[in-house]
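Notebook open, coffee poured. Today I am looking up how some strands pair and where the nonpolar side chains gather.

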Amino acid sequence: MDIYERQVRVEAPLSEVWKFHATGDGLVALTPDWMNIRIEEERGPDGEPNPEELTAGSVVVSSIKPFGVPPRQRWVSDIVAREEGEDEAMFRDVMAEGPFPHWEHTHTFRALSDRETLVHDHVEFELPGGPLGRALGPFGCLGMEPMFRYRHQQTKELLEG
């Protein structure tokens with residue numbers, strides 16, 4: 001399994017950063033336009049459509065079409081954990097269906113002060129392609145860097161206003 005990690009300091013309270021990341025709208029806002037993401041469906045743990053907040057047991061069905069190249073790729077994410085404390089919060093999503101044989105993304109948020117939050121992304125992944133994908137795994141991090149750099153820039157722009 002390969003691992004990608006990145007973090008950023010955001011000048012915004014933990015509560016605001018946490019709330020922003022708790023919905024499908026946050027996912028769309030943090031995904032570069034070139035990914036052409038579309039949220040197809042959101043379900044809460046009880047099957048309720050379009051929950052206000054994505055909690056453990058929620059499912060997000062999206063599709064992407066990187067650089068406009070068809071076909072659209074379906075991506076089903078299961079929110080498998082979500083915890084919120086006074087100074088720290090986290091949620092973890094696991095790809096149940098999509099382009100990677102394995103994708104587990106842990107989003108951690110830690111209050112550094114009343115006005116500053118550390119956002120940390122930890123992704124465990126496996127590239128498609130069997131043995132070749134496993135051999136190229138370390139290079140997969142290079143492909144993720146622009147995506148997560150964009151995510152973190154957008155987080156800062158949208159929340160530090």
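How many residues lie between β6 and β7 in their hairpin? I looked, and the answer is two. A reminder to myself: this is a predicted model.

**Entry 1, the strands.** I followed β6 (residues 102-113) both ways. On one side, β6 pairs with β7 (residues 116-126) in the antiparallel sense, with 11 bridges. As a landmark in this pairing I noted E104, whose bridge partner in β7 is E124. On the other side, I found β6 antiparallel to β5 (residues 88-97), joined by seven bridges. Here A89 stands opposite F109 of β6.

**Entry 2, the other turn.** The hairpin of β5 and β6 has four residues between the strands. I checked the backbone there and found that G98 takes a positive phi near 160 degrees.

**Entry 3, the cores.** Which residues have the most contacts inside the largest nonpolar core? My list reads V10, V17, F109, V119 and L159, in a core of 16 residues. I then asked which elements give two or more residues to this core, and they are β1 (2-10), α1 (14-20) and β5. The largest share is from α1, with four residues. So F109 turns up twice in my notes: opposite A89, and among the core residues with the most contacts.

**Entry 4, one residue up close.** I picked V119 and left out residues up to four places away in sequence. Among the residues V119 touches are V10, V17 and F109, along with R6, T108 and H152.

**Entry 5, a second core.** I also found a separate core of 14 residues, including Y4, V123, F125 and M147.

Conventions. Residues are numbered from 1 along each chain as its sequence is written. This is a predicted model: local features need pLDDT of at least 70, side-chain atom pairs count only at pLDDT 80 or more; totals for chains, interfaces and linings use all residues. Side-chain values use heavy atoms; hydrogens and water are left out. Two strands pair if DSSP finds at least two bridges between them. A nonpolar core is a set of buried Ala, Val, Leu, Ile, Met, Phe, Trp, Tyr and Cys residues joined through side-chain atoms within 4.5 Å. Buried means under 20% relative accessible area, exposed over 50%, partly exposed in between (1.4 Å probe, protein chains only). Contact means heavy atoms within 4.5 Å.
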